[in-house]
2 protein chains.
Amino acid sequence: LVDGRQSAHALAVQRGVGRLMAGFGFSVVTELVLASGRRADVTALGPKGEIWIVEIKSSVEDFRTDRKWPDYRDYCDRLFFATHTQVPLDIFPEEAGLILADSFGAEVMREAPDHRLSSAARKAVTLRFAHAAARRFHGLIDPAARDGLAI
Amino acid sequence: LVDGRQSAHALAVQRGVGRLMAGFGFSVVTELVLASGRRADVTALGPKGEIWIVEIKSSVEDFRTDRKWPDYRDYCDRLFFATHTQVPLDIFPEEAGLILADSFGAEVMREAPDHRLSSAARKAVTLRFAHAAARRFHGLIDPAARDGLAI
């Protein structure tokens with residue numbers, strides 16, 4: 001049994017993707033809970049409010065068992081998969097972008113189609129992103145404040 | 001010389017204000033740089049996207065020397081001052097809210113007038129808030145990512 005979220009490979013890919021996004025001027029929140037209840041592995045917010053979601057797949061199994069990935073498109077302008085060199089890249093669909101990562105960095109192998117969010121959807125995802133990021137930071141700075149925070 | 005941002009009193013008030021806001025369901029970012037270039041001591045984001053700014057004044061001097069405080073109203077729906085018990089509360093203007101805080105918590109002594117932001121202004125402040133929070137957290141989790149981050 002592979003837990004895609006917690007495996008060492010997944011964490012390495014997450015770190016590399018975070019650095020890539022930072023290099024693009026995007027800021028990131030991991031494991032953002034969306035309105036659907038699903039968690040997005042990496043949500044990236046751009047300088048102009050662009051929202052990209054990056055789903056990390058650390059094994060062939062991990063990708064094959066996820067039949068609901070198209071749903072993520074309702075919450076972002078661009079959707080990417082991210083993986084590492086031990087996973088064959090041809091399993092990933094053309095309808096999404098593709099990022100190859102290790103723990104030091106990452107590279108975009110295929111650009112993601114652009115499907116712009118509605119203004120209302122963008123506002124909702126941005127608000128979730130902002131709250132999640134601020135609460136996590138606040139929880140580190142003042143753990144006691146967590147009592148009042150739904151992290 | 002009193003540095004309002006760095007004094008022990010100011011830090012205690014900041015912590016108490018953060019807990020108060022968390023209790024209200026708001027998340028907070030400290031020292032947010034606004035479009036004007038000024039820093040807001042505490043910016044709080046509400047469940048529905050409300051934006052409140054809390055300016056911390058840790059001495060009479062600290063308040064008297066700030067002649068530009070009304071400018072903060074351009075960046076929030078409500079503006080509060082926050083202080084501690086060793087500062088007389090009657091120096092603060094009625095046109096802003098007032099919070100009395102210590103390092104354990106805080107209390108609203110006077111509600112703040114509501115001056116709703118325009119949609120464009122709200123979007124801009126929310127985006128700054130989201131980027132600042134996410135970048136600070138990311139910078140703690142992966143300091144090397146900071147190279148690509150304008151914190």
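# A walk through the two-chain model

Start by selecting A:Glu55, which sits in strand E3 (residues 51-56) of chain A. Keep in mind as you click around that this is a predicted model.

**Stop 1: a buried acid.** A:Glu55 is buried but has no salt bridge. Show A:Lys57 too: that is the nearest side chain of opposite charge, 4.4 Å away. A salt bridge needs a side-chain nitrogen of Lys or Arg within 4 Å of a carboxyl oxygen of Asp or Glu, so A:Glu55 and A:Lys57, at 4.4 Å, don't make the cut. What does the side chain of A:Glu55 make a polar contact with? Bring up A:Tyr72: the two side chains meet at 3.5 Å. For the wider surroundings, display the residues that A:Glu55 touches, among them A:Arg39, A:Asp41, A:Phe80 and A:Phe81.

**Stop 2: over to strand E4.** Now pick A:Thr83, found in strand E4 (residues 78-83) of chain A. Is A:Thr83 buried or exposed? With a relative accessible area of 0%, A:Thr83 is buried. Turn on backbone atoms for A:Lys57, since the side chain of A:Thr83 reaches the backbone oxygen of A:Lys57 at 2.7 Å. Other residues touched by A:Thr83 include A:Val13, A:Leu89, A:Phe92 and A:Ile99.

**Stop 3: charged pairs.** Side chains of opposite charge can pair when their charged atoms come close. How many salt bridges does a search of the whole structure find? The count is twelve over all chains.

Go first to A:Arg38 and A:Asp66, whose closest N and O atoms are 3.2 Å apart in a salt bridge. This pair links distant parts of the chain, 28 residues apart. A:Arg38 is in the loop between strand E1 (27-33) and strand E2 (39-45) of chain A, and A:Asp66 is in the loop between helix H2 (60-64) and E4 of chain A. A:Arg38 is partly exposed, at 26% relative accessible area, whereas A:Asp66 is buried, at 8%. Add A:Lys57 to the selection once more: A:Arg38, A:Lys57 and A:Asp66 are linked in a network of salt bridges.

Over in chain B, select B:Lys57 and B:Asp66. Their side chains meet in a salt bridge, 2.8 Å from N to O, and both residues are buried.

**Stop 4: across the chains.** Select B:Asp142 and A:Arg19, which form a salt bridge with the closest N and O atoms 2.8 Å apart. B:Asp142 belongs to the segment after H3 of chain B and A:Arg19 to helix H1 (residues 8-23) of chain A, so this pair joins two chains. B:Asp142 counts as buried, at 4% relative accessibility.

**Stop 5: a greasy patch.** Switch to a surface view and color A:Leu140, A:Ile141, B:Leu140 and B:Ile141. They form a nonpolar patch on the surface, with about 400 Å² of accessible area together. Helix H3 (119-141) of chain A and helix H3 (119-141) of chain B each give two or more residues to the patch. Take B:Leu140 as one of these residues: B:Leu140 is partly exposed, with a relative accessible area of 44%.

**Last stop: backbone angles.** Most residues other than glycine have a negative phi. Select A:Glu31 in strand E1 of chain A and check its phi, which is positive at about 55°. Then try B:Glu31 in strand E1 (residues 27-33) of chain B, where phi is also positive, near 55°. A:Glu31 is buried at 17% relative accessible area, and B:Glu31 counts as buried at 16%.

Definitions and conventions. Residues numbered from 1 in each chain as written. Chains lettered and ligands numbered in written order. Predicted model: local features only at pLDDT ≥ 70, side-chain atom pairs only at ≥ 80, totals over all residues. Heavy atoms only, no water. Helix = DSSP H or I, 4+ residues; strand = E, 2+ residues; numbered from the N terminus. Buried < 20%, exposed > 50% of the residue type's maximum accessible area, 1.4 Å probe, protein only. Lys, Arg positive; Asp, Glu negative; His and termini not counted. Polar contact = N/O pair within 3.5 Å; in protein donor to acceptor, adjacent residues only side chain to side chain. Contact = heavy atoms within 4.5 Å. Patch = residues over 30% accessible without salt bridge, like charges linked within 9 Å, V, L, I, M, F, W, Y side chains within 5 Å. Areas by Shrake-Rupley, 256 points an atom, 1.4 Å probe, with all protein chains shown as cover. Lists of a residue's contacts leave out its neighbours within four places in sequence.
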